[in-house]
Amino acid sequence: MATPKRRVSHSRTHERKSQWLGALSAPATTTCSHCGEMIESYRACPACGYYKGRQVVKVADKSAEKKD
């Protein structure tokens, strides 16, 4: 098995990784069909708890949290 002859410098390593990291993009976002908030694709809405038109997560009201 071949082994490296010399250690790879930090700058060369960073150059290589920058090519890969530069290709990454932010996660895809869409609008919630129920409340209109911006949400990540394939995730339940954190504001209303709906996913694909039905409620899958119960979300507590902010006004109820403030009263406690």
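What pattern does the chain follow, read along the sequence? I went through it end to end and got α-β-β-β-β-α. I should jot down early that this is a predicted model. My tally of elements came to 2 helices and 4 strands.

**Helix 1**

I picked helix 1, residues 10–22, for a length check. With 13 residues at 1.5 Å a residue, it should span 18 Å. I looked up its end C-alpha atoms and they are 18 Å apart, so the expectation and the model agree. Next I asked how many of the 13 residues of helix 1 are buried. The number is 1, so I noted that this helix lies largely in the open.

**The whole chain**

I then checked burial across the chain: 9% of its 68 residues count as buried. The exposed area of the chain is about 6700 Å², and carbon and sulfur atoms supply 52% of that. I also looked at contacts between residues at least 6 apart in sequence, and 0% of them join residues at least 24 apart.

**Cysteines**

How many disulfides does a search of the whole structure find? I got 0. C32 is in no disulfide, and its nearest cysteine sulfur belongs to C48, 3.6 Å away. Why no bond for C48? A disulfide needs the sulfur atoms within 2.5 Å, and the 3.6 Å from the sulfur of C48 to that of C32 is too far.

Are these two buried or exposed? C32 has 6% relative accessibility, so I put it down as buried. C48 has 13%, so it counts as buried too. The cut-off I used for buried is under 20%.

Conventions:
Residues are numbered from 1 along each chain as its sequence is written. This is a predicted model: local features need pLDDT of at least 70, side-chain atom pairs count only at pLDDT 80 or more; totals for chains, interfaces and linings use all residues. Side-chain values use heavy atoms; hydrogens and water are left out. The expected span of a helix is 1.5 Å times one less than its number of residues. Buried means under 20% relative accessible area, exposed over 50%, partly exposed in between (1.4 Å probe, protein chains only). Contact means heavy atoms within 4.5 Å. Accessible areas come from the Shrake-Rupley method with a 1.4 Å probe; for residues, only the protein chains shown count as cover.
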